[in-house]
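Here are my notes on the model you sent over. I've kept them to confidence, internal space and one helix pairing.

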Amino acid sequence: METKRASWASNLGFLMAAIGSAVGLGNIWGFPYKMGKSGGFAYLAVYALLAIFVGFIVMASELAMGRKTGQGAMGTYHALTKKFRWIGWLALFSPFAVMGFYAVLGGYCIEYMALNLSNFAFGSESLATGGELFAAMLSNPAGAVLFAALFLALCYLINRSGISGGIEKFNNVGMPTLFVMLVVIIIRSLTLPGAEAGVSFYLSPDPSKLEKTGLFPVINAAMNQAFFTLSVGIGAMCIFGSYQSRDRSLTGEAMWIMGLDTFVALMAGLIIFPACFAFGVEPGAGPGLVFVTLPNIFNVMAGGRLWGTLFFIFMSFAALSTVIAVFENIISYSADVWGMERRRATWLHAVGIWLFSLPCALGFNLLAGFQPLGPGTSVLDLEDFLISNNILPLGGLFFLLFCCLRRGWGWDNFIAEVDQGTGMKFPRWLRGYVTYVLPCLIIFVFVMGYVDKFCK
């Protein structure tokens, strides 16, 4: 049951990789916008509670299951019990679903960065506004397909080199670089004239916004955001736990990952809102915030090409760090279950994921007439809904139940594994909450999310 395999070269390398998996595009456009729209620190308080009492617990369960078996999510379910082997197939499908649209968005980040470096997209020499440029990119199927392929090629180069030589090495350089760029861009944004109005809008508690939005939609949005930004429910933390030593307990590691991920999400808002208010631009949501609103700001900002370049390098790092973690879950399955050589598994699945990304890449051009969730929606909206509102919470629920119920792995086995090593121990007094209350909470929010979306 406990197999020998590659491992992290250091605990810092594990933390950098796990934090990199959690820090992604959702932190940068989703969290700040929802926080600003839903009451500032009122939303932050709801999110923080859900991150601690939902996301953190699911993360600890994933890490523990992976470390116990030394396998990815699917191999873990197969190794620990035969009763729930079918759940492993969901854990195998989930990474393909996530990477399918993430590859397209990562490709857009690389394309923007390339255009910026060529003095086309930003600065005084700009020939197009952010909206015009993004519309042109969306309408070009060849560009979307090719840049998604380029993004996946970078993932291939990182993942094929293994754990310590590829993923850990990339994150040991990429994550500190990302944090430095984050601080530099924040300083520039905060020093813009009128930036204080954006900070006030973003951070000041405003219960009236919470009342206007409604408490339940905020809870639903915050829970989905917690699953998405913490990268739990799809097996990414499970595979990272499988490479972790037993020298340190997993509770403290999960706390570090959760805390730094939330910090990055919070800090991203200090880039976006001060800049938007400084230039009188209405902050949008989703991809439009990153690919339309911010480029328009860079267009009129002194040194806009420099800041635009830094920002999209930052975005590219964030996207890559998430996808290589999700990608590893698929690669490990091929190696653990089929015995496939790593490099062969990496390029084979990279091609498969590229094919899986085609509907999203073509969703704004050749497939623009397909509006699955109603007028104005796209394939990307459908994939985001399936992942954020379905796959992530259900995957997290399955991990949780598996660790708590006797028919699964069981609470005592979970506690023994998560507490092994030095460091913070998992609070055992939470057993009743974790076993009975938390699953019901996830199911309730999951069901009401459907009611809120389709029954208004």
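1. First, a term for what follows: lining residues are those with an atom within 4 Å of a cavity point. With that in hand, helix 2 turns out to give the most to the lining of the largest cavity, with three residues.

2. Keep in mind that this is a predicted model. The protein chain has an average pLDDT of 84, and 93% of the residues score at least 70. Confidence bottoms out in helix 10 (residues 207-213), with a mean of 70, and peaks in helix 18 (residues 411-418), at 94. Watch residues 123-127, where the pLDDT is below 50. Beyond near neighbours in sequence, that stretch still has 11 contacts in the model.

3. On to the empty space. I count five cavities of 30 Å³ or more in the structure, and the largest holds about 100 Å³. It is lined by 16 residues, of which Val98, Tyr102, Phe228, Ser231 and Thr322 are the closest to its centre.

4. Who builds that lining? At least two residues each come from helix 1 (11-22), helix 2 (25-37), helix 5 (85-117), helix 11 (215-230), helix 15 (304-338) and helix 17 (379-404). By type, the lining of the largest cavity splits into nine nonpolar residues, seven polar and no charged.

5. Helix 2 also deserves a look for its packing. Its axis and that of helix 9 (residues 195-203) lie 7 Å apart, at an angle of about 80°. Angles of 65 to 115 degrees count as roughly perpendicular, so that is how helix 2 and helix 9 sit relative to each other.

6. As for that contact, helix 2 brings Phe31, Pro32, Met35 and Gly36, while helix 9 brings Phe201, Tyr202 and Leu203. Six of the residues in this contact are nonpolar, one is polar and none is charged.

Terms used. Residues are numbered from 1 along each chain as its sequence is written. This is a predicted model: local features need pLDDT of at least 70, side-chain atom pairs count only at pLDDT 80 or more; totals for chains, interfaces and linings use all residues. Side-chain values use heavy atoms; hydrogens and water are left out. On a 1 Å grid over the protein atoms alone, a cavity is a set of points where a 1.4 Å probe fits but cannot get out, and a pocket is an open set with protein on both sides within 12 Å along at least five of seven lines; lining residues have an atom within 4 Å of a point. Grid points are joined across faces, edges and corners, and a volume is the space filled by probe spheres set on the points. Helices (H or I, at least four residues) and strands (E, at least two) are DSSP runs, numbered from the N terminus. Ala, Val, Leu, Ile, Met, Phe, Trp, Tyr, Cys and Pro count as nonpolar, Asp, Glu, Lys and Arg as charged, and the others, Gly among them, as polar. Axes are lines fitted to C-alpha atoms, for helices over the stretch in contact, and angles run from 0 to 180 degrees between N-to-C directions. Angles under 35 degrees count as roughly parallel, over 145 as roughly antiparallel, 65 to 115 as roughly perpendicular and the rest as oblique. Contact means heavy atoms within 4.5 Å. pLDDT is the predictor's confidence in each residue, from 0 to 100.
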